[in-house]
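Trainee: Got a minute to walk me through this one? I'd like to start with how the chains meet.
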Amino acid sequence: MQQLLSAFGIDWRLLIAQAVNFGVVIGALWYFLYKPVLAMLAKRQEVIAKGVEDAAHAQAALAGADTEASARVAAADTEAERIVSAAREAGDAEKTRLLKEAEARAVAVAKDAEDRAKEVAARAKRESEKEITRLAILAAEKLLKKHYD
Amino acid sequence: MQGGISVVLKAEQLGSVFGFPITNALVMTWAVMLLLIGFAFFFGRSLSLVPTKLQSAVEWAFEGALAYMTEVLESKKLARRFFPLVASIFLFIAIANELEFFPGVGSFGLVHATNFLPLLRTPTTDLNFTLALAMISFFTIEITGIATLGFFKYVGKYVNLKSPIGFVVGLIEFISNLGRLISFSFRLFGNIFAGEVMVLVADYFLPYFLPAPLMGFEMFIGFVQALVFAMLTLFFIKLAITEPHGAH
């Protein structure tokens with residue numbers, strides 16, 4: 001047995017040294033390599049999962065936003081139609097009022113003009129009568145004067 | 001080559017520090033450690049959420065290995081617990097084996113008297129290295145088995161007094177379990193050492209042509225042996241934590 005161990009160079013001190021060497025390697029690799037790489041893999045998995053979750057949330061939010069935008073546009077359309085309709089009604093009422101007022105004013109103007117025409121005619125008549133009377137008197141005077149002369 | 005082929009079964013001692021022998025395999029082990037730890041240190045610091053090609057490759061390997069271990073052990077928690085051990089066994093052996101034919105390994109050395117002492121020798125061609133790893137693997141497997149199943153249930157796998165056949169099967173299992181220490185260490189040692197000898201022989205008989213393809217093949221063998229050692233450790237852990245037959 002001793003010869004066998006000697007032939008292969010088996011030495012318990014070297015055995016322990018190699019075991020310690022492997023211990024150092026496993027410890028260093030665990031600390032410098034395995035731990036950071038596994039942590040990086042876990043972190044990336046976490047980031048990807050979060051990204052997928054965020055995308056799903058964003059998609060849901062986008063769908064919600066679309067619905068809300070559609071509802072708002074519909075409400076705005078209804079409001080606009082109501083405002084236009086109200087404005088049209090108000091315009092029609094104003095138009096009617098203005099027309100009535102204009103008609104009333106036209107009637108008043110016409111009546112005023114008629115009254116004035118009547119007054120002018122009456123005055124002309126009165127002046128004509130006065131002139132005729134004066135001319136008649138004048139003619140009578142001439143006739144009388146001619147007769148008595 | 002004038003002196004013929006010289007094959008040395010054990011790692012050569014370069015010197016000693018306070019009576020502790022420093023062999024060329026030990027020096028090479030430290031070099032491999034330095035490479036691995038250096039890479040891990042700089043790589044670990046350069047990680048980013050948007051990975052580079054190298055980081056993507058490493059992450060792909062990690063995820064693949066973890067997924068496979070989870071499938072074998074049927075537990076994500078156990079896979080994460082044993083991942084550092086299995087991955088380190090693979091990396092340590094693989095890097096050591098892949099450096100086997102690098103310039104300088106086995107060719108740079110000291111001339112002591114008339115003998116040439118290479119400064120670097122592949123650690124897996126030193127039984128101290130492979131046996132140390134085998135022992136670590138063996139004790140991890142046994143301790144995991146006992147911790148998971150409990151001492152008596154685990155021992156019950158090997159000591160079965162219910163029937164003569166059960167007793168014999170238990171005994172065979174116990175011996176084969178102990179045999180793992182030898183199979184683990186000698187499989188790795190034998191494969192890599194034999195590869196080196198084969199390249200040495202090829203270099204002696206047909207230099208310039210034969211060694212290069214053989215070196216490529218041996219590098220492949222080195223990778224496979226690292227994989228075999230790591231995978232067997234994983235499978236034996238699975239066997240150790242599996243309930244014995246008839247326990248349900």
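Mentor: Sure, one term to begin with: two residues are in contact if their C-beta atoms, placed from the backbone, lie within 7 Å. This is a predicted model, where local features need pLDDT of at least 70 and side-chain atom pairs count only at pLDDT 80 or more, while totals for chains, interfaces and linings use all residues. Residues are numbered from 1 along each chain as its sequence is written, and chains are lettered from A and ligands numbered from 1 in the order in which they are written.

Trainee: OK, how many residues does the contact take from chain B and from chain A?
Mentor: Chain B puts in 37 residues and chain A 30 residues. By class, the side of chain B that touches chain A has 28 nonpolar, five polar and four charged residues. Here Ala, Val, Leu, Ile, Met, Phe, Trp, Tyr, Cys and Pro count as nonpolar, Asp, Glu, Lys and Arg as charged, and the others, Gly among them, as polar.

Trainee: Switching topic: is B:Thr124 buried or exposed?
Mentor: B:Thr124 counts as buried because it has 32 C-beta neighbours inside 10 Å. The cut-offs, with C-beta atoms placed from the backbone, are 20 or more other C-beta atoms within 10 Å of its own for buried, 12 or fewer for exposed, and partly exposed in between.

Trainee: What does B:Thr124 touch?
Mentor: Leaving out residues up to four places away in sequence, its contacts include B:Ile93, B:Asn97 and B:Phe189. B:Gly190 is 66 residues from B:Thr124 in sequence, yet their C-alpha atoms are 8.9 Å apart.

Trainee: And which residues does B:Phe90 touch?
Mentor: With the same neighbours up to four places away left out, B:Phe90 touches B:Ala226, B:Leu227 and B:Ala230.
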